[in-house]
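Let's take a walk through this one together, a few helices and a couple of odd loop residues at a time. Have the viewer open and follow along.

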Amino acid sequence: MAKLTENQILQRRTAKLDQAFIDMFDLYREELYRFCYISVWYHPTTAVQIVRFIFGKAYQYFHKFTPHDKLGYVSFRAYLYALAVPMVMHHRQRSQRQAWPRALRKHWLEPDLAFWHQFQQADAFQVLVAQLWYGAHLSLAEIAQVVQRDDSAIQAWLDYISKDTAALLRCYKNIEQSVTMPSTQRLRLLRQVTATQQRAPSFVHPAWWHTMLGPIPTGFALGLVAFGVGLLWYVYGPVTTTPLAQQSAQPVAVVLKQRPHDITPNTTLPTIARSRQSLVVIDTVLYGTDYVVQRSIDTAAETELRPTMRFDINSADYRAVPDAFAYAVPEALTEDQLQFAALKHFSSLPLNQFSYVNGTYYVTETPNEFRPLFIAFNNTGAVEFQMRQAAICALPNLTLAVDHTAAQHTVFDFLISHQFISVDETDLKIVRLSKDDRTISKGKLCTSDATTQVQDREFVFYPPHTVLRYGDGANEFLPMRLRGIAVQLHGNDVTNVRIDPLHSLQQQIVKTNTVTLRPLHEAITLAQSFYYPDTKNNSETQRYAKVFAQWDHLHGNDRLNSLTLYDVQLEYVYDTLNHSIEPYYVFSGEGIDGTGPDDDIRLYVVAATNDIELRGPYRE
């Protein structure tokens, strides 16, 4: 159903005030969240807090708003942005600057990303005007009203950056495609706004005499009434009253002291805002986190660390899931299963080139015949493709200069032709690990005197999540994240590919039993107990751990100093130690580790109540 326009919503306030506010909230929440998100250097928690402040203020004034009234705003939308601007400017000056998040680079081309990064270094006011013009599409008059500047000053700046109009439009289109408010925040924000502002004072002011008769101490009020009655008796004698039916039907003037609303006395929120969130809804595509090629491990003794934690999550906001299916995968794939995988992914290679030795099915190189490729299928599920050095050096286009987009297409064509992925390129999350100018001399690569440079690129292609049934219902599915496929190119040829074990193992999943799930409030209590033990007690603590922090955030630092978690859902997670797949509560938010802030942090809490010693959840 199409969304109502602002004018239609304003016209509906008389009959359904709070429903009209919810409609207005849904109309503008996404664009305001994007505006706040990019204005405060991509900190989602701060952006959500500002959006909550904006609508909290707007809620008080909503019942009285009229375009072009005494406040002068041409639209309610302009009023919302006028509330947002001082907040984002304040936080922009105090928030730590950071680059565009890696997880949101799916729709970006490298030149646009470089332009955006450079543009964000401009004067804060100039960036603000560009965001209101190109991002929010406010008119010149609305921008002047929102930022309280003269039209001519704004027009002068817009004329100056008009040469970059095409690049800015592309950037804001990318932002619109990649930045969305977490779905679970909608009802939480509505609840917070309406609950705290429900009894906020209206803009209807009482007369002076009504103020005089306002709330006064009970004892003083009773004494004053008794004195008045006694005085009337003394002056006029007994007081006679007129029956109610004979009283004049004069209208009584009522001065509002509370904001009008259409909520029944027994409730505190609009009915729609009391709907509980689902822990199992799959409304976005989930990807794994960054693939770390070389993980740095500090072997020095570490002391105990208890990170500061804040949960912006209310368990009462979510519908409980009492139980779910559990699954298992083979401890090791058989030779027949590995042979089938080889036929599927490399059908052009004759099977007589493969040998099976100690659980690995791989292409062997013989003294009499050169094998240009090393391909190995391990019984753990891992797959490795590697072009041998002599074959790389014989490539005809080894020193060919290829741009990043063409190289990315080459990787996609390789993976889809070998059936490692089965989705469109636009459905993948693609991360480039190598720097723009990373090259290696052909002489160094091929042990020769050649001085020409060879482009050396590394990508990670993340497939979308898969799903598994958690119950017998038609739509009872939970997501399971898949790790990325790491690919290396020399020139315009794929020379190295590493496929994660779960890619092969997921084809062998079998259902085992049904497990009882702990309630969300118990999971939150467990999560709050999370800490990093010291080196001496680490092994013992891990034996019975039920809470696990995500691995490898920010490429190598595994200890978080602080966490702010504001979203949760149930997901299936692969346990590498027990070869099982069970539901986990996955809390997401942001945190700070030794290398700085990270806005893509997850905390995994075992959802099943059964006790298993030594869990090893596969948390990317």
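Helices and strands here are DSSP runs, at least four residues for a helix and at least two for a strand, numbered from the N terminus. Keep in mind that this is a predicted model.

Start with a pair of helices. Two packed helices are described by the angle between their axes and the distance between the axes. For helix H2 (residues 17-39) and helix H4 (residues 76-94), the axes come within 10 Å and cross at roughly 25 degrees. Angles under 35 degrees count as roughly parallel, and H2 and H4 are therefore roughly parallel to each other. Their crossing is right-handed.

Which residues in H2 and H4 meet? On the H2 side, look for Met24, Tyr28, Glu31, Leu32, Phe35, Cys36, Ile38 and Ser39. Facing them from H4 are Phe76, Arg77, Leu80, Tyr81, Ala84, Val85, Val88 and Arg92. Sorted by type, the residues of this contact come out as twelve nonpolar, one polar and three charged. As you scan those numbers, it helps to recall that an α-helix has 3.6 residues a turn, so residues three or four places apart point the same way.

Now step off H2 into the loop that joins H2 and H3, where you'll find Trp41. Most residues other than glycine have a negative phi. Trp41 isn't a glycine, yet its phi is positive, about 60 degrees. Is Trp41 buried or exposed? Its relative accessibility is 2%, and buried means under 20%, so Trp41 counts as buried.

Past that loop comes helix H3 (residues 44-61). Its 18 residues, at 1.5 Å each, should span 26 Å, and the end C-alpha atoms are indeed 26 Å apart, so the two agree. H3 is mostly covered, with 14 of its 18 residues buried.

Further along, helix H7 (residues 140-147) has Glu142, Ile143, Ala144, Val146 and Val147 buried. What covers them includes H4, which you've already met, along with helix H6 (124-135) and helix H8 (151-160). Right after H7 sits Gln148, with a positive phi near 60 degrees.

One last stop is Gln419, in the loop between helix H15 (404-417) and strand S7 (429-432). Gln419 is another residue other than glycine with a positive phi, near 60 degrees. At 45% relative accessibility, Gln419 counts as partly exposed, whereas Trp41 counts as buried.

Technical notes. Residues are numbered from 1 along each chain as its sequence is written. This is a predicted model: local features need pLDDT of at least 70, side-chain atom pairs count only at pLDDT 80 or more; totals for chains, interfaces and linings use all residues. Side-chain values use heavy atoms; hydrogens and water are left out. Axes are lines fitted to C-alpha atoms, for helices over the stretch in contact, and angles run from 0 to 180 degrees between N-to-C directions. Angles under 35 degrees count as roughly parallel, over 145 as roughly antiparallel, 65 to 115 as roughly perpendicular and the rest as oblique. A crossing is left-handed if the near helix is turned anticlockwise from the far one by less than a right angle, and right-handed if clockwise. Contact means heavy atoms within 4.5 Å. Ala, Val, Leu, Ile, Met, Phe, Trp, Tyr, Cys and Pro count as nonpolar, Asp, Glu, Lys and Arg as charged, and the others, Gly among them, as polar. The expected span of a helix is 1.5 Å times one less than its number of residues. Buried means under 20% relative accessible area, exposed over 50%, partly exposed in between (1.4 Å probe, protein chains only).
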